[in-house]
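Here are my notes on the model, set out as numbered points. Please read them with the structure open.

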Amino acid sequence: MNDDADQQHLTANPGYAQGQLAKAFTTALTHEDADTRRRAEGRVTRWRAVLAGMSGGLLSIGSRTPVAGLPAWVTPEVVHGGFATGAPGAGGPLQPYETRLAERFGVPADRRALFAHCLTDTGLAWLWGQLNSGRYEVTVPEEGALLTMAWLVRHGETAAALDLVAELEPFADQLRFLPRPSAGRPVPEASDALHRRTVSDTVDRLVRRRPNAAVETQREALAVWQPFGDELLVHWLETAGGEDGRVLERAPDADWLERGAALLSRYRQLAEEHTHCGKHRNPKENPGILRGALEETVARRALDARRLGLLRHAVASMVRRRGLPGSAPHAELRRVQRAQAALPSHHALAQVLVGRLAGLSQESGIADLAPVLAPVSDPEERETGLPAGAQLPPVLRRVVEGALSAPVATLVERGVVPSAEVLAELVPRLVAVTTARSYDDPALRTLMAANYRAFRNRRSLLLLNLERQVRIEELPWVRAVAAQRGDGTAEAALLLRQLGELAVRGFPGTILPNPLVRELGVLARQSQLGAPLVEELAADIFMDAFGPKFLVAAGIAGELLGGSLYERYYGIDYAAIRELAIAEASESAGRGRADRARPRTSPGFARLCAERAAAASSAPDRSKSGSSSGSWVAANGKVIEQSQILTTHNLATLVHRVGIAPEPGWADLARRCFATVCRLTTRVHRNPWPYPTIKDTAYAWRQLVFHLSLCPAAEQRHVLDELDAEAARHPAHVTARLAPALAGLRLVADGGTFAPDGTADEGRARRLLGWSTDGHWLVTDPTAVETKDS
């Protein structure tokens, strides 16, 4: 590990962009869906722009100012992987709303003319009207810039307004700085109710639903072809005679033949009208055999011995399987099938829901689901023909529940928010409200909330050399009103604690995803709690260096976990980490001004993580299936994993500095983490590429160890007994795979230790880690090995 890692400089490899271009090009040429091809064509254009910009020097991928000539605050257009295309997000051709405003203002249809008009008395009056009404949208942060300027002018902050105009003016012809007028109602600034999807989004999903071909085929078979098959069977049974009841023992008379012809005529009509089911056409199926024999008999052709044998076998088989038509068992079977066929289709019920949703506000969520999810009503029966009282199926209920508007905790509890990643999509709305509340003026509060929401739609850049993403306070128009902010520390701290508890309680076996960490980090800065939150680093662009906040976070973990099960299990010396933090803080204080301008790192923390990764050598996987042996990405992953172990990847910070205390307690969270461990271990079995799953398993295991470490010793032993029992309830390969990990955890709980490589008791107890460069012991199925050896 190089102590001068902060002086390294890496650049992005164009190979990734070339690969993405090739994939998009192939999709655009070959995909069967026209919309998919059209979207791929757009990706082709954007990736070509990336490669052209990289080769021509316009783009510096990996920098926080990737586009030459554009400052960091300009929102870049970003494609997959964090690559900037060179186009600004607020650039491009004039938007329709800009064209309409140019016509309304009587100015040329170009952005510089619109910008200049907004500096006049007439333009300022229009902007003030937008501020007063709140009827505007900010889809990219730049669209809030001139509104902020107008607010400053109205409140006598002329110098600040002029400074802002001076900073924006060089880009007036490129970027749209005007808000989008909106006819809808202003977004409530103080609501704690959130929704994943709007009513309009839900209607679109329901409208796109098509009748299920398999369901409609089954419905047709039950309602049409099985009753018709019964009629054929009854008709043939009229010719049965003798003790064995074989058909055609009695010669068919003229009346029988006439009724048979009528049956065949009706069959042809049914076949034209009902086309989902094709089984009745198969001459080898029983209904086809009966119909084919009837056609020959009605045509006055004698059945040969083979056809007669097939006919008699088909009739006997149908009677044996379902009973004689008209018998009690047969009648009950057909009654049940008729009831099943009469059930309304999901497609028809979806149209009922579309009608109910049409009367609601389309751009919001649904506060009360009960009326929308009620059974089919009498008026709806008269209108649609569906039976009154018909219940909505779970699949449609889930679509509608996605629009539920409720506090985020309720959405997590009801499963509307199923993962920490989805939670991260909703949290910016809450953080926007909390951030904006620190502004006293209502109009500025609404504007800053809209600006924050737009800023959170800004896609992250691929950054190298320890550069950090642009923060909202760096935007010139946000900086211009910074003095208007009041003290929002208490409210930020409260929301941080609530969201931290919600994430840990709702998804205990999952590490906090980076988008959620960023939102919590905003609240942590606003709350001034001294709670550094660290992101998950990408192994493929890791530069052997960590920012100083990683060492601070590890120190906080040591304050909470010194002497704990967690420290002993992972072989951590938190006292040494505390000494390292003191030494690096002293060294940092003695740096000169030039040194402070360089990206700050913690070389001691990076060295410690590398040493621990080198020592944590997992026993090789004998199968070597999908082995990551020799991979530099896996080597980086081992170092990054050690940083997550030392810092607890934000858990200790949330507990010790933020003060989270999730209900119903740490033992319950440990049990739920183990349920995730078991579920993920199940997926390792016969998995051709198991290592990503093993990595996630180890993350859930680390969360388990952390939660268990906060329990009293007696409770720890009780939970360990429960984990052993829980493992035994899973398939044998899961139980066997996890046995060394459970043995290792119990060993440490009882006062034992691991060897430096993370093994004990001749390999029967192991420390569970995720990343490996020489195969992983969790890959091998011990039950298969035992069977082979025996």
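**Notes on the nonpolar cores, a pocket and a hairpin**

1. Leu704 touches Ala670, Cys673, Phe674, Leu723 and Leu745, leaving aside residues up to four places away in sequence. This is a predicted model, and the contacts should be read as such.

2. Leu704 is also one of the residues with the most contacts inside the largest nonpolar core, together with Leu423, Phe674 and Trp701. That core has 194 residues. Helix 18 (residues 420-436) supplies the largest share of this core, ten residues.

3. A second core, separate from that one, has 25 residues. Phe228, Trp256, Ala293 and Ala314 are among them.

4. The second largest pocket holds about 420 Å³ of space. Its lining consists of 22 residues, and those nearest the pocket centre are Trp225, Gln226, Lys279, Pro287 and Arg322.

5. Four helices each give two or more residues to the lining of the second largest pocket: helix 9 (213-237), helix 11 (286-298), helix 12 (305-322) and helix 13 (328-342). Helix 9 gives the largest share, eight residues. Sorted by class, the lining has nine nonpolar, seven charged and six polar residues.

6. Strand 1 (residues 76-79) and strand 2 (residues 83-88) are paired in the antiparallel sense over three bridges. Pro76 has Pro88 in strand 2 as its bridge partner. The two strands form a hairpin with three residues between them, and in the turn Gly81 has a positive phi of about 90°.

Definitions and conventions: Residues numbered from 1 in each chain as written. Predicted model: local features only at pLDDT ≥ 70, side-chain atom pairs only at ≥ 80, totals over all residues. Heavy atoms only, no water. Pairing = 2+ DSSP bridges. Core = buried A, V, L, I, M, F, W, Y, C linked by side-chain atoms within 4.5 Å. Buried < 20%, exposed > 50% of the residue type's maximum accessible area, 1.4 Å probe, protein only. Contact = heavy atoms within 4.5 Å. 1 Å grid on protein atoms, 1.4 Å probe; cavity = no way out; pocket = protein on both sides within 12 Å on 5 of 7 lines; lining within 4 Å. Points joined across faces, edges and corners; volume = space filled by probe spheres on them. Nonpolar A, V, L, I, M, F, W, Y, C, P; charged D, E, K, R; others polar.
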